[in-house]
Amino acid sequence: MADAQIGGSGERPAEVSASPADETISAGAPAEVGVRFEVDGEIATVTLCRPERRNAQTPAMWSALARFGEHLPEQVRIVVVRGEGPSFSAGLDLSLLTGAPGQRSFSEIAALDDAALDRLIAEFQRGFLWLRRPEIVSIAAVQGHAIGAGFQLALACDLRIAAEDAKFCMKEPALGLVPDLTGTKPLVELVGLPRAIEMCLTARAVDAAEAERYGLAERVVPAGDLDRAVNELVTSLLAIDRHAAAATKRLLLGARHRTLEEQAAAERSEQMVRLRTLFASLAPQGSVGAGN
Ligand code: CAA
């Protein structure tokens, strides 16, 4: 199964892909489901690879993403999410609205009872939620269109680097749906409530320059420089100690839910661990843990 394959070497890149029919993950198989996973030491890359369908997404893809997240090797610190071809992702595969071979149509899904439908959507969301884990930093490299589920996948990442031709659009309301792949919270946190309402309820496309102004993209670069910009960011992130990075990300992730006093306490608690890890062995005998 995937974990052995994904985590096996730690040295050589391991490739993992999933088949839409049985949704199993197996190393070395063609990426029929439209997503490819590679692990190279501390860096994992998720590549949407249906460029001929503009990387349109399916539930099989979301399951594969969830499994990859579950089996992410411990050494991985950075996850880069990218799309092949001219678009990052055109969002939901629209053939699902009517029914596609090997996939349940939306009319079949809609007929499920509440509990089953809730479970199913939660399962879809699992493909996105793991990208926020404190132990990793996830980066979306966005070129061309990031529509609906594509926009939400970019929002699921910690950071976004956009090419100048990037266009972000929350299309779901225009199709009578809501964005339900975990994108609404990061969107509101990044751009603020009024702009999130305006963007979603007009379903308009936001270009790269606007995205950078709103904080939707950390950096915008010419299309030909996207990979280089991502690599530079990865190099900078990897230069920081992994434990300090994870502890700091934990603090930052929790900051918005805590009061100032609670956050100050959380900082103390994380710092105690850092200090003890870094300096305890150097402390004079009896000074650490002796109530000083
Ligand atoms: N689903 C299935 N196929 C798609 C697709 C999608 N979302 N987007 C593009 N394709 C297919 C096209 O049908 C076309 O196929 P053919 O070559 O067989 O005709 C091929 O990909 C190339 O598409 P275009 O020729 O349109 O490519 P383009 O570069 O000119 O335009 C685009 C790209 C702007 C993304 C355009 O394809 C487009 O608008 N696609 C639809 C986007 C959309 O509405 N997505 C749904 C978002 S809502 C959502 O995601 C809901 C949710 O999560 C619940």
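Helices here are DSSP runs of H or I with at least four residues, strands are runs of E with at least two, and both are numbered from the N terminus. The model is predicted.

**Exercise 1. Place Thr182 and classify its burial.**

Step 1. Locate the residue. Thr182 sits in the loop between strand S9 (167–169) and helix H6 (184–191).
Step 2. Check the backbone. Thr182 is not a glycine, yet its phi is positive, at about 75°. Most residues other than glycine have a negative phi.
Step 3. Apply the cut-off. A residue is buried if 20 or more other C-beta atoms lie within 10 Å of its own. Thr182 has 20 other C-beta atoms within 10 Å, so Thr182 is buried.

**Exercise 2. Do the same for Ala203.**

Step 1. Ala203 belongs to the loop between helix H7 (193–202) and strand S10 (205–207).
Step 2. Its phi is near 55°, again a positive value in a residue other than glycine.
Step 3. Partly exposed residues fall between the exposed limit of 12 or fewer and the buried limit of 20 or more. Ala203 has 15 other C-beta atoms within 10 Å, so Ala203 is partly exposed.

**Exercise 3. Find the element that holds Gly69, its burial, and its separation from Gly127.**

Step 1. Gly69 is part of helix H2 (residues 59–70).
Step 2. Count its surroundings. Gly69 is buried because 21 other C-beta atoms lie within 10 Å.
Step 3. Compare chain and space. Gly69 and Gly127 are 58 residues apart along the chain. Their C-alpha atoms are separated by 7.2 Å.

**Exercise 4. Describe the largest nonpolar core and the contacts of Ile139.**

Step 1. Give the size. The largest nonpolar core has 62 residues.
Step 2. Name the residues with the most contacts inside this core: Ile139, Val142, Ala154 and Ala162.
Step 3. Leave out residues up to four places away in sequence. Ile139 then touches Ile78, Val80, Cys157, Asp158, Leu159, Ile161, Val230 and Leu233.
Step 4. Add the background. In soluble globular proteins, nonpolar side chains tend to be buried together.

**Exercise 5. Characterise the ligand shell.**

Step 1. Count the shell. The ligand is surrounded by 20 residues.
Step 2. Pick out the closest: Ala56, Ala90, Gly91, Leu92 and Gly148.
Step 3. Sort the shell by type. Ten residues are nonpolar, five are polar and five are charged.

**Exercise 6. Summarise the whole protein.**

Step 1. Secondary structure: eleven helices and eleven strands.
Step 2. Burial: 36% of the 292 residues are buried.
Step 3. Contact range: take the contacts with a separation of 6 or more. Residues 24 or more positions apart account for 66% of them.

Technical notes. Residues are numbered from 1 along each chain as its sequence is written. This is a predicted model: local features need pLDDT of at least 70, side-chain atom pairs count only at pLDDT 80 or more; totals for chains, interfaces and linings use all residues. A residue is near a molecule or strand if its C-beta atom, placed from the backbone, lies within 6 Å of it. Ala, Val, Leu, Ile, Met, Phe, Trp, Tyr, Cys and Pro count as nonpolar, Asp, Glu, Lys and Arg as charged, and the others, Gly among them, as polar. A nonpolar core is a set of buried Ala, Val, Leu, Ile, Met, Phe, Trp, Tyr and Cys residues joined through C-beta atoms within 7 Å. Two residues are in contact if their C-beta atoms, placed from the backbone, lie within 7 Å.
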